[in-house]
Every structure is written in structure tokens, then in C-alpha cells.
Amino acid sequence: MGARLTVAQEQPEQEPEDILRDYWAAAKDRYTDYDYPRYGTPEWRELPAEDPRKMAGLVAFAEMWRKYGDDITTTLNQAMAPPPLWQRATEEACAKAFKDILAQQRHRKEAA
């Protein structure tokens with residue numbers, strides 16, 4: 001028997017209210033399951049805005065701010081601040097690291 005051909009059915013367009021309701025429901029599920037990265041972390045910042053885990057992390061932080069006040073924002077700002085200049089890599093160290101990466105890539109290509 002041959003393969004059946006099917007016609008894709010068009011999905012009805014969702015109303016904006018439905019999209020928002022579904023987004024909040026998904027974010028609430030992530031929040032209650034603790035399935036989200038902490039607000040302000042690199043993992044949280046990498047999430048796209050439409051990912052409900054991003055909103056869950058934001059809600060968790062807002063709840064902590066409500067409970068603990070400005071102390072939590074001070075801690076977050078300190079954690080996200082760039083290191084002092086004396087702790088940052090020098091231009092020479094960055095150039096060396098870049099050359100090392102290029103050498104590793106060349107080595108991999110030659111080995112393949």
C-alpha cells in the first residue's frame with residue numbers, strides 16, 4: 001500500500017489574549033516547578049523573551065525583592081558588576097588565547 005498524502009490543516013490564529021494567557025500559564029508552571037535559571041545569570045540572559053522560563057525567573061526575583069527589599073538588588077548588582085581592571089585579562093593575554101584557539105582549530109582540521 002502506498003504512502004498516504006495528507007494536507008496540513010491550517011491552525012486558527014490565536015487571539016492576543018490567548019497567547020498571553022498561555023504564556024503566563026507556562027511561566028507559572030515553570031515557577032512552581034522551580035524550572036528556570038536565576039534572574040540575572042548568564043543562562044537567564046541568554047533565554048529569548050518569549051521563553052516562559054525567563055518570566056518565571058523574573059517573577060521569582062520580584063518575589064524575593066518584595067520579601068527582602070533593596071538588599072537583594074545590592075547583592076545582584078555586586079554579582080553582575082564587571083571585575084576590577086586589575087583582575088581583567090591584558091590585551092596580550094587575550095591575543096595569546098586567540099592564537100591558541102586558532103592553533104587548536106588548525107590542528108583539528110589537519111587531524112580530520
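**Salt bridges and a positive phi**

Mentor: The side chains of Arg66 and Glu63 meet in a salt bridge, at 2.5 Å from N to O. The model is predicted, so local features need pLDDT of at least 70 and side-chain atom pairs count only at pLDDT 80 or more, while totals for chains, interfaces and linings use all residues. Residues are numbered from 1 along each chain as its sequence is written, and side-chain values use heavy atoms, with hydrogens and water left out.

Trainee: What is a salt bridge, in terms of atoms?

Mentor: A side-chain nitrogen of Lys or Arg within 4 Å of a carboxyl oxygen of Asp or Glu. A search of the whole structure finds six.

Trainee: How many residues apart are Arg66 and Glu63 in helix α3?

Mentor: Three, which puts about one helical turn between them in α3, residues 52–68. Helices are DSSP runs (H or I, at least four residues), numbered from the N terminus.

Trainee: Is Asp51, in its salt bridge with Arg53, buried or exposed?

Mentor: Buried means under 20% relative accessible area, exposed over 50%, partly exposed in between (1.4 Å probe, protein chains only). Asp51 counts as buried at 13%, whereas Arg53 is partly exposed at 28%. Their closest N and O atoms are 2.6 Å apart.

Trainee: Which residues are linked in a network of salt bridges?

Mentor: Asp18, Arg21 and Asp22. Within it, Arg21 and Asp22 meet at 3.3 Å, N to O.

Trainee: What sign does phi usually have?

Mentor: Most residues other than glycine have a negative phi. Tyr34 has a positive one, near 55 degrees. Tyr34 lies in the loop between α1 (16–32) and α2 (42–46), and is exposed at 68% relative accessible area.

Technical notes:
Helix = DSSP H or I, 4+ residues; strand = E, 2+ residues; numbered from the N terminus.
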